[in-house]
Amino acid sequence: MLNGYSIGFPHLGIYIEHLGRAITIFNFSITYYALIIATGILAGAFLAIKEAEATGQNTDNYYDFALIVVFTSIVGARIYYVIFEWDNYKNNLLSILNLRAGGLAIYGAVIAAVITLIVFAKKKKMSIGLMMDTGCLGLLLGQIIGRWGNFMNREAFGGYTDGLFAMQIKLAEVYSGYITPEIAENIKVVDGIEYIQVHPTFLYESLWNLAVFAILMFYRRHKRFDGEVFCFYLIGYGIGRTWIEGLRTDQIKFGGIAVSQVLSIFLAVAAAAYVVYRRNQQRKSEWKELLDK
């Protein structure tokens with residue numbers, strides 16, 4: 001057994017030693033979390049622009065949109081998090097600006113991105129549905145990559161498990177507020193070092209999103225209407241997030257209810273209902289055309 005590993009997957013025989021949280025360049029510390037999030041944003045923007053090019057859209061519009069939506073999404077992600085964690089910020093409002101301490105919520109970013117897209121598309125006289133279909137592919141790729149920032153931060157994990165993918169993290173490197181009584185009761189001691197053993201929910205979500213991404217990349221050329229790929233993104237991501245959010249110990253709650261879990265269910269159901277509605281409208285239109293001939 002290795003001495004003092006940072007993170008381990010004991011049932012898979014994987015142990016990572018001395019995993020840091022940041023790198024230092026010219027005496028300035030840059031977290032791996034920030035680097036991974038930035039990589040996800042750039043990869044997502046690149047994919048969306050390539051998809052726009054492949055579908056005959058004006059890529060200049062997407063370059064312009066990318067410059068705007070990166071900013072609005074970060075602001076939206078922060079606002080969403082702060083609203084539901086207000087007690088942690090109300091006595092020190094300046095701490096809201098301290099993004100280096102963490103505190104971004106993906107749903108806040110998605111909501112802000114959608115609002116930005118609608119306004120941008122209307123101003124540029126672009127198809128909102130087509131732009132959503134194009135942008136959601138990049139968004140999903142960014143989420144796949146971005147979840148690994150949580151891995152580097154030792155966060156976004158689930159409760160105790162002894163399953164195949166059980167992940168061990170040094171107790172000293174984990175925020176105590178994320179440790180449930182069940183996790184605390186199952187502390188593992190390896191070579192005198194205490195570890196928690198939990199569900200790697202960041203990994204579950206990254207892999208789930210990868211599967212959804214593969215399906216959307218295949219289906220996008222067979223969609224029935226503009227906006228349908230985005231709807232399937234909401235359905236696919238919403239189903240996965242509902243399950244995975246139920247495992248996490250760092251849920252954002254309001255009145256004892258896991259906000260992201262409820263929002264995931266709502267968006268998945270609403271998107272599914274809209275797809276059914278649009279397809280029924282198309283069938284009626286097709287039947288009308290046949291009868292009129």
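## Two cysteines, no bond

C231 is buried, with a relative accessible area of 6%. This is a predicted model, and C231 is a good place to enter it. C136 is buried too, at 2% relative accessible area. Do these two residues count as buried or exposed? Both fall under the 20% limit, so buried is the word for C136 and for C231.

How many disulfides does the whole structure hold? A search finds 0. C136 is in none, and the nearest cysteine sulfur to its own is that of C231, 9.3 Å away. Seen from the other side, the closest cysteine sulfur to C231 is in C136, and 9.3 Å is too far for a bond. A disulfide needs the two sulfur atoms within 2.5 Å, so this pair does not qualify.

## The second largest pocket

C231 also takes part in a pocket. It is one of the residues that line the second largest pocket. That pocket has a volume of about 200 Å³. Its lining consists of G129, M132, D226, G227, F230, C231, L234, L267, A270, A271, Y274 and R278.

Which helices supply at least two residues each to this lining? They are α4 (128-153), α7 (228-245) and α8 (259-292). Of the elements involved, α8 gives the most, with 5 residues. By class, the lining has 8 nonpolar residues, 2 polar and 2 charged.

## The whole protein

Now step back to the full chain. The protein has 293 residues, and buried residues make up 45% of them. Its secondary structure comes to 8 helices and 9 strands. Along its principal axes, the C-alpha trace spans about 80 × 40 × 40 Å.

Contacts reach far along the sequence. Among contacts with a separation of 6 or more, 73% join residues 24 or more positions apart. The accessible surface comes to about 15700 Å². Carbon and sulfur atoms account for 65% of that surface.

## A buried histidine in a loop

Where is H199? This residue is found in the loop between β7 (193-198) and α6 (201-219). H199 counts as buried because its relative accessibility is 18%, under the 20% limit.

What does H199 touch, leaving out residues up to four places away in sequence? Its contacts are F157, G158, G159, Y160, T161, M167, Y204 and L247.

## Two residues with positive phi

F26 and A156 both call for a look at the backbone. F26 has a positive phi of about 50°, although it is not a glycine. A156 is not a glycine either, and its phi is positive at about 55°.

Each of them sits in a loop. F26 is in the loop between β3 (22-25) and β4 (28-31). A156 is in the loop between α4 and β5 (167-170). The helix α4 has come up before: it supplies at least two residues of the lining of the second largest pocket.

Are these two loop residues buried or exposed? F26 counts as exposed, because its relative accessibility is 79%, over the 50% mark. A156 counts as buried, because its relative accessibility is 3%.

Conventions
Residues numbered from 1 in each chain as written. Predicted model: local features only at pLDDT ≥ 70, side-chain atom pairs only at ≥ 80, totals over all residues. Heavy atoms only, no water. 1 Å grid on protein atoms, 1.4 Å probe; cavity = no way out; pocket = protein on both sides within 12 Å on 5 of 7 lines; lining within 4 Å. Points joined across faces, edges and corners; volume = space filled by probe spheres on them. Helix = DSSP H or I, 4+ residues; strand = E, 2+ residues; numbered from the N terminus. Nonpolar A, V, L, I, M, F, W, Y, C, P; charged D, E, K, R; others polar. Buried < 20%, exposed > 50% of the residue type's maximum accessible area, 1.4 Å probe, protein only. Contact = heavy atoms within 4.5 Å. Areas by Shrake-Rupley, 256 points an atom, 1.4 Å probe, with all protein chains shown as cover.
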